[in-house]
Amino acid sequence: MTAQEIELLAREIISAVLSSQKVEDSRIELKASWPDAEKAAHRLAGHANASRDAPILWLIGVDEKSCSVSSVNAVEKANWYKSVEKYFDGFAPRLLVDVNIRVENSTVVALYFDTEHESPYVVKNKTGGSYPEHAVPWREGTRIRAARRDELLQILAPIQKVPVLELIDAKLTVENLLPHGSLWKLQMKVYVVSRSSERIYVPFHRCRASIKMPIGGQEYELPNIVITPDLYGKALPPNKNMGESNSDIWIEGAGMMRLFAQATRPDKSQVNAIEIASSASLYFAHLNLSTLVQTHLYSVVGFRQEMNMLNAWESKKS
């Protein structure tokens, strides 16, 4: 969903709350103020686990009990989310979009989370004794409890068939687009091992790639994506375990592939950044699941500018 779509949905929810309607459901969480980080981590993990890969929406500044809105400090969200992340064992649900919404002279913050990746979400128990040290929360209605075995299986069973992805290397370049603007190109070389006996398909239009800047933390999507078998510079026969079309790539068994993603930007800012985070989400159609490949890229030491090339970053070799 776009920021505009999220704002429209949030305004519909807020309008319903102000009209004394109950709206909190399996995909929506309402909070009158920024919740305590540890409690929020348990609640966010439980909400994400129970959503079964569907995105979830939190509205901070909306009180369903009193049917009112209260202004919250929108600047606090970055520090709040970082504090919440610290309680997760592994990754927290990814914050895709945050929107500040003005309602009745108050500011409500909408937080839209992706739950497709890295589930199950596990949190650390830092209070209340040393055992258990970790928990897999589960949201049932509006309460949070520990997940049952059958609920864990609902999360883990599809994951057992998700292909194993090994990132071999990655490179990001930025080219000068005269008279203004820049072209950002990301390449990732990934070895794929299927854990399913059936042919798996990766449709390009369901994959995502992005880069995150170190200064300000801005994240930019690279929407133009193509994935191909890795055939470059090799005189060997092509891998018969892989094939491609103009809309997807298929895999049987294992093979090496390359992801190409790019986007144009109207400016040339941050081309001198030393480090940039990159990530790609690959969607597997047969499982209706995505998995994430991510790495940090570092400015190439002694990089020599080629024609129209502004900078280049590469992943560190293991």
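Is Ser-20 buried or exposed? I started there. The model is predicted, and in it Ser-20 is exposed, with a relative accessible area of 54%.

**Entry: positive phi**

I looked up the backbone of Ser-20 next. Its phi is near 65°, a positive value in a residue other than glycine. I placed Ser-20 in the loop between helix 1 (3-18) and strand 1 (28-31).

I then turned to Asn-105. Phi of Asn-105 is near 65°, again positive and again in a residue other than glycine. Asn-105 belongs to the loop between strand 5 (94-103) and strand 6 (106-114). I checked its cover too. Asn-105 counts as exposed because its relative accessibility is 69%, and the cut-off for exposed is over 50%.

**Entry: aromatic pairs**

How many aromatic pairs does the structure hold? I noted five. One of them is formed by Trp-34 and Trp-80. I read 5.1 Å centre to centre and 45° between the planes, and the pair is tilted. The pair links distant parts of the chain. Trp-34 sits in the loop between strand 1 and helix 2 (37-51), Trp-80 in helix 3, and they are 46 residues apart. I looked up the accessibility of each. Trp-34 is buried, at a relative accessible area of 13%. Trp-80 is buried as well, at 8%.

I went on to Trp-184 and Trp-313. Their ring centres are 5.7 Å apart and their planes stand at 15°, so this pair is stacked. The cut-off I needed here is that planes under 30 degrees apart count as stacked. This pair also links distant parts of the chain. Trp-184 is in strand 12 and Trp-313 in strand 22 (residues 309-315), 129 residues apart. I found Trp-184 buried, at 0% relative accessibility. Trp-313 is buried too, with a relative accessible area of 0%.

Which residues do ring pairs link into a cluster? I listed Trp-34, Trp-58, Trp-80, Tyr-81 and Phe-113. So Trp-34 and Trp-80, the tilted pair, both reappear in that cluster.

**Entry: surface patches**

I moved to the surface. Lys-82, Lys-86, Lys-126 and Lys-212 form a positive patch. I traced Lys-82 to helix 3 (residues 77-85). Trp-80 of the tilted pair lies in helix 3 as well. Trp-80 is buried, whereas Lys-82 is exposed, with a relative accessible area of 53%.

What makes up the nonpolar surface patch? I noted Val-164, Ile-168, Tyr-191 and Val-193, with an area of about 280 Å². Strand 11 (164-176) and strand 12 (182-193) are the elements that give two or more residues to this patch. I followed Val-193, which is in strand 12. Val-193 counts as partly exposed, at 33% relative accessibility. Strand 12 also holds Trp-184, and that residue is buried.

**Entry: a contact across the chain**

I ended with Ile-225. Where is Ile-225 placed? I found Ile-225 in strand 16 (residues 224-229). Ile-225 counts as buried because its relative accessibility is 9%, and buried means under 20%. I then looked up its distance to Leu-259. The two residues are 34 apart in sequence. In space, Ile-225 and Leu-259 are 7.1 Å apart, C-alpha to C-alpha.

Notes:
Residues are numbered from 1 along each chain as its sequence is written. This is a predicted model: local features need pLDDT of at least 70, side-chain atom pairs count only at pLDDT 80 or more; totals for chains, interfaces and linings use all residues. Side-chain values use heavy atoms; hydrogens and water are left out. Patches are made of residues with over 30% relative accessible area and no salt bridge: like charges are joined within 9 Å, nonpolar side chains (Val, Leu, Ile, Met, Phe, Trp, Tyr) within 5 Å. Accessible areas come from the Shrake-Rupley method with a 1.4 Å probe; for residues, only the protein chains shown count as cover. A salt bridge is a side-chain nitrogen of Lys or Arg within 4 Å of a carboxyl oxygen of Asp or Glu. Lys and Arg count as positive and Asp and Glu as negative; His and the chain ends are not counted. The place of a charge is taken as NZ of Lys, CZ of Arg, CG of Asp or CD of Glu. Helices (H or I, at least four residues) and strands (E, at least two) are DSSP runs, numbered from the N terminus. Buried means under 20% relative accessible area, exposed over 50%, partly exposed in between (1.4 Å probe, protein chains only). Rings of Phe, Tyr and Trp (its six-membered ring) pair if their centres lie within 6.5 Å; planes under 30 degrees apart count as stacked, over 60 as edge-to-face and the rest as tilted.
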